[in-house]
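Biologist: Please take me through the terms applied to this model and justify each of them against its definition.

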Amino acid sequence: MRRLRGAAWSRNLVAETSLSVRDLIWPVFLIEGECCCQDVPSMPGVARFSLDRLVDAVGEAKDLGIHAVALFPCIDPALKSPDGREAINPENLMCRAIRALKAAHPDVGLFCDVALDPYNSDGHDGIVRDGLIVNDETVEMLVRQSVVQAEAGADVIAPSDMMDGRIGTIRDGLEAAGHTNVQIMSYGPKYASAYYGPFRDAVGSGGALKGDKKTYQMDPANTDEALREVAMDLEEGADSIMVKPGLPYLDILRRVHETFSVPTLVYQVSGEYAMIKAAAANGWLDNDKAILESLLAFKRAGACGIFTYAAVEVAHLLKDA
Ligand code: PBG
C-alpha cells in the first residue's frame, strides 16, 4: 500500500474523491441597512450583510468560483409575530435580497430557505397554537412563502421546517403560480440538533425560541426514519435532498445517497463551523487542514454539494493549492 502513497503525484492519481470549488454553496445572513457588515460573535469570520454589501460579497465569491449561495434573513424583531406573516410579504428582506442578487449576478444559484423561524415571535419553524406547532396551517404559509420567493427570482426553494406533507403542497403551489422550473431541495433528514446554536444567534431566533424543536425535527437516535422522510419527500416531488447536520451524520448521508441515488447535499452547520474555529483560535487544530478534511469527508460519503460558512476561505485555499 505504501508504494502508492510514496509521492504526491501518485497519491493524487489514486485519490477516489476530491473537493472542488464547484461543490460549495455559501450560506449568508442578511440585515437591513446600508453599508452594514455585522460580525456574528459565535461564528468567527461570518457576518450579516446589508443588501448592498451582500451584492459585493457575492460578486467577490463568484470571482473565486463560488456559484451558489443560500440566504438567511435576520429581520427587525418588531416585524416578528406569532404566525410569522412577514415571511409572505413580497417586500420582505429575503425577497429584496433575491431581487438584488438576481439583478447583479443572474448566473449565481440562489437557495432560499423556507421556514417561519426568522419571522416567528416564538422562534419556531411553524405556527404555534396552545404550545403546539400546527402542521397544515404552517404548510399553507410555507406555500405562500415559497411562491413570493419564487416570484422574486429564487432558483431553489429549500424547506427546512420539517412539517409533514410540505414538499408536495409547495410543488403544487409553485406549479399553480407558473414556477415550473423552480427546484425544491428538501432538508429531508434534519435532526433536532445542538449544533444549530450559533445559527439561531445569527438570525436572531435563538433568544426567542420557546422550548425545543423535537416535535418536528428528527431524533438523533434514528436512521431508518431518515429513509422514510426522504422516500416521502421524493414521492412528493423533491428534486434533491439535504442532510443536516453534516459531520455527526455522515452515516445518514451515506445511507441516503446509496439508497436513493438522488442528488444528496449536506450542510456543515453553524456549530460544526464554530467548533473548528474555536479549536483553531486556541491553536489546538490547524484551521485550513481541518476544514478541508471535513469537507472532503462529505464528498467521500457521497455529497454532491456542501453548504459551508467556510466557502470563501476554502475557495482561496483551493486556488492556492
Ligand atoms: C431553521 C434553520 C436552521 C438552520 C437552517 N435553517 C436552524 C434550526 O432549525 O433551528 C441551521 C443552520 C446552521 O446551524 O448552520 N429553519
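**The ligand and its surroundings**

Modeller: An oxygen atom of the ligand lies 2.6 Å from an N or O atom in the side chain of Tyr309. Taken alone, the ligand exposes 400 Å², and the protein buries 100% of that. This is a predicted model, in which local features need pLDDT of at least 70 and side-chain atom pairs count only at pLDDT 80 or more, whereas totals for chains, interfaces and linings use all residues. Residues are numbered from 1 along each chain as its sequence is written, and side-chain values use heavy atoms, with hydrogens and water left out.

Biologist: What makes the pair formed by the ligand and the side chain of Tyr309 a polar contact?

Modeller: A polar contact is a pair of N or O atoms within 3.5 Å; within protein, one must be able to donate a hydrogen and the other to accept it, and residues adjacent in sequence count only if both atoms are side-chain atoms. An oxygen atom of the ligand and an N or O atom of Tyr309 are 2.6 Å apart, so the pair meets that limit. Ser270 offers another case, with a side-chain N or O atom 2.7 Å from an oxygen atom of the ligand. At Asp117, a side-chain N or O atom is 3.0 Å from a nitrogen atom of the ligand.

Biologist: How many residues surround the ligand, and which are the closest?

Modeller: The ligand is surrounded by 17 residues, the closest being Ser160, Arg200, Lys213, Lys244 and Tyr309. A residue is counted as near if one of its heavy atoms lies within 4 Å of the molecule.

**Burial and contacts**

Biologist: Is Ser270 buried or exposed, and how do you know?

Modeller: Ser270 has a relative accessible area of 1%. Buried means under 20%, exposed over 50%, and partly exposed in between, with a 1.4 Å probe and protein chains only; Ser270 is therefore buried. The residue lies in helix 9 (residues 270–281), a helix being a DSSP run of H or I with at least four residues and a strand a run of E with at least two, numbered from the N terminus. Leaving out residues up to four places away in sequence, Ser270 touches Met43, Tyr195, Tyr196, Gly197, Pro198, Phe199 and Tyr309; contact means heavy atoms within 4.5 Å.

Biologist: Why is Ile167 called buried?

Modeller: Its relative accessible area is 0%, so Ile167 is classed as buried. Ile167 belongs to helix 5, and beyond four places in sequence its contacts include Pro159, Ile184, Asp233 and Gly237.

**The parallel strands**

Biologist: What makes strand 8 and strand 9 a pair?

Modeller: Strands pair if DSSP finds at least two bridges between them. Strand 8 (residues 156–159) and strand 9 (residues 183–186) have two bridges, in the parallel sense, and Val156 has Gln183 as its bridge partner. Strand 9 is likewise joined by two bridges to strand 10 (residues 240–243), running parallel, with Met185 partnered by Ser240.

Biologist: What is the handedness of the unit made by strand 8, helix 5 and strand 9?

Modeller: The unit is a right-handed β-α-β unit. Right-handed means that, with the strands pointing away from the viewer, the path from the first strand over the helix to the second runs clockwise. Strand 10, helix 8 and strand 11 also make a right-handed β-α-β unit.

Biologist: Why is strand 11 described as largely enclosed?

Modeller: Five of the five residues of strand 11 (residues 264–268) are buried, so the strand is largely enclosed by the rest of the structure. Thr264, Val266 and Gln268 point one way, Leu265 and Tyr267 the other, and all are buried. In a regular strand, side chains alternate between the two faces of the sheet. Strand 11 is joined in parallel to strand 10 by three bridges and to strand 12 (residues 305–308) by four. Val266 stands opposite Val243 and also opposite Ile306.

**Backbone exceptions**

Biologist: What makes Cys35, Met162 and the bond before Pro245 worth listing?

Modeller: Most residues other than glycine have a negative phi, and most peptide bonds are trans. Phi of Cys35 is near 55 degrees, and that of Met162 is near 65 degrees. Cys35 is exposed at 53% relative accessible area, whereas Met162 counts as buried at 4%. The peptide bond from Lys244 to Pro245 is cis, with omega near -10 degrees; Pro245 sits in the loop between strand 10 and helix 8.

Terms used:
Accessible areas come from the Shrake-Rupley method with a 1.4 Å probe; for residues, only the protein chains shown count as cover.
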